[in-house]
Amino acid sequence: HDAKSPASALPKRDDDDEGGPSVQEVLESGDGALPPRTPEIIREQALAQLYISEQKTPLEKVKLMTFMFVVVVIMNLLKGGGGAFPSPIGLECGGVGYWMLTLMMCLFLVAIALYVRAKIILPSASLKRSLGYRYQKGDVRWNARNSITYPLICIAAGMCAGMFGIGGGIVKGPLMLELGVDPLVAAASVAVMIFYTSVAASTSFIAFGTLTWDYGMTLFVLGL
C-alpha cells in the first residue's frame with residue numbers, strides 16, 4: 001500500500017483538536033471503532049499511519065505464530081511415542097495422560113485462533129472501515145463470518161492432510177485465491193504455513209520413530 005504522504009509530511013494537530021483522541025489512541029482502540037470526538041485531521045493522520053504500517057512485516061503476528069509453533073513442538077515431544085522415544089514426563093503412549101495432553105494442545109490452538117480473531121483481525125477490519133481504508137487488489141477483507149468459516153476450512157484441510165497424506169497447501173492455496181489474495185502472495189503465504197506445520201508434524205514422526213532421517217534431511221534441504 002502506498003501512503004498518501006510520508007510521515008514527516010502529515011498534517012499537524014491543531015489547537016482546536018485538543019481534548020480529542022490522539023493518533024495513537026485511534027490506532028490502538030480496542031474494538032477498532034473510532035473514539036468519540038475524533039477530529040478529521042486525526043482521522044487522516046491515523047489513516048496515513050495505517051497505510052505505512054501495512055507496508056511492514058507484522059512482527060508481533062510472526063512472534064505469536066512462532067510461540068504457537070514452539071508450544072506445539074514441546075507438547076508433541078512431551079507426549080512421546082512409546083519405545084522409540086519415551087515420554088520425558090512418563091506418559092504412556094495411548095494412555096489417559098497422553099490423550100489429555102493431546103486435548104490440551106487442541107484447546108490451546110483453538111484459544112490462539114479465537115484470540116487472533118477477537119483481538120487482531122476483527123478490530124483491525126473495523127478500524128479500516130471507520131477510517132475509510134482503501135483496499136488494494138489482493139487484500140483480504142475480513143469480517144465476522146469469514147473469520148470463522150475460513151479457519152474451519154483450514155482445520156478440515158489439516159485433518160485431511162493427516163489422515164490421507166495430502167498436502168494442506170492443496171486446500172489452503174485455492175482458499176486464499178478465493179479470498180482474493182494475489183497468486184504470488186498466496187503461494188508465499190502457503191509455503192510459510194507449510195513450513196511451520198510440516199516441522200511440527202515431523203516431531204510426531206520423530207517421537208514414534210517412523211522418520212527416515214536420510215530421506216528426511218535430503219528432502220528438507222531440497223525443500224529449502
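**One cavity and two cores**

Good morning, everyone; the structure on the screen holds one cavity of 30 Å³ or more, and I should say at once that we are looking at a predicted model. Rolling a probe the size of a water molecule over the atoms shows where empty space is left. In this model, about 30 Å³ of space lies in the largest cavity.

Which residues line the largest cavity? They are Asn 76, Lys 79, Gly 80, Tyr 98, Ser 204, Ala 207 and Phe 208, and the elements that contribute two or more residues to this lining are α3, running from 59 to 79, and α7, running from 183 to 207. If we sort the lining by chemical character, we find three nonpolar residues, three polar residues and one charged residue.

Let me turn now to the nonpolar cores. The largest of them is made up of twelve residues, namely Val 23, Val 26, Ile 41, Ile 42, Ala 46, Leu 47, Leu 50, Tyr 51, Leu 127, Leu 131, Tyr 133 and Tyr 135. At least two residues of this core come from each of α1 (23-27), α2 (40-54) and α4 (96-131), and α2 supplies the largest share, which is six residues.

As an example from this core, please find Leu 47 in the structure: once its neighbours within four places in sequence are left aside, Leu 47 is in contact with Leu 131, Gly 132 and Tyr 133.

Finally, there is a second core, separate from the one I have just described, which has nine residues, among them Val 72, Val 73, Met 105 and Ala 200.

Notes. Residues are numbered from 1 along each chain as its sequence is written. This is a predicted model: local features need pLDDT of at least 70, side-chain atom pairs count only at pLDDT 80 or more; totals for chains, interfaces and linings use all residues. Side-chain values use heavy atoms; hydrogens and water are left out. On a 1 Å grid over the protein atoms alone, a cavity is a set of points where a 1.4 Å probe fits but cannot get out, and a pocket is an open set with protein on both sides within 12 Å along at least five of seven lines; lining residues have an atom within 4 Å of a point. Grid points are joined across faces, edges and corners, and a volume is the space filled by probe spheres set on the points. Helices (H or I, at least four residues) and strands (E, at least two) are DSSP runs, numbered from the N terminus. Ala, Val, Leu, Ile, Met, Phe, Trp, Tyr, Cys and Pro count as nonpolar, Asp, Glu, Lys and Arg as charged, and the others, Gly among them, as polar. A nonpolar core is a set of buried Ala, Val, Leu, Ile, Met, Phe, Trp, Tyr and Cys residues joined through side-chain atoms within 4.5 Å. Buried means under 20% relative accessible area, exposed over 50%, partly exposed in between (1.4 Å probe, protein chains only). Contact means heavy atoms within 4.5 Å.
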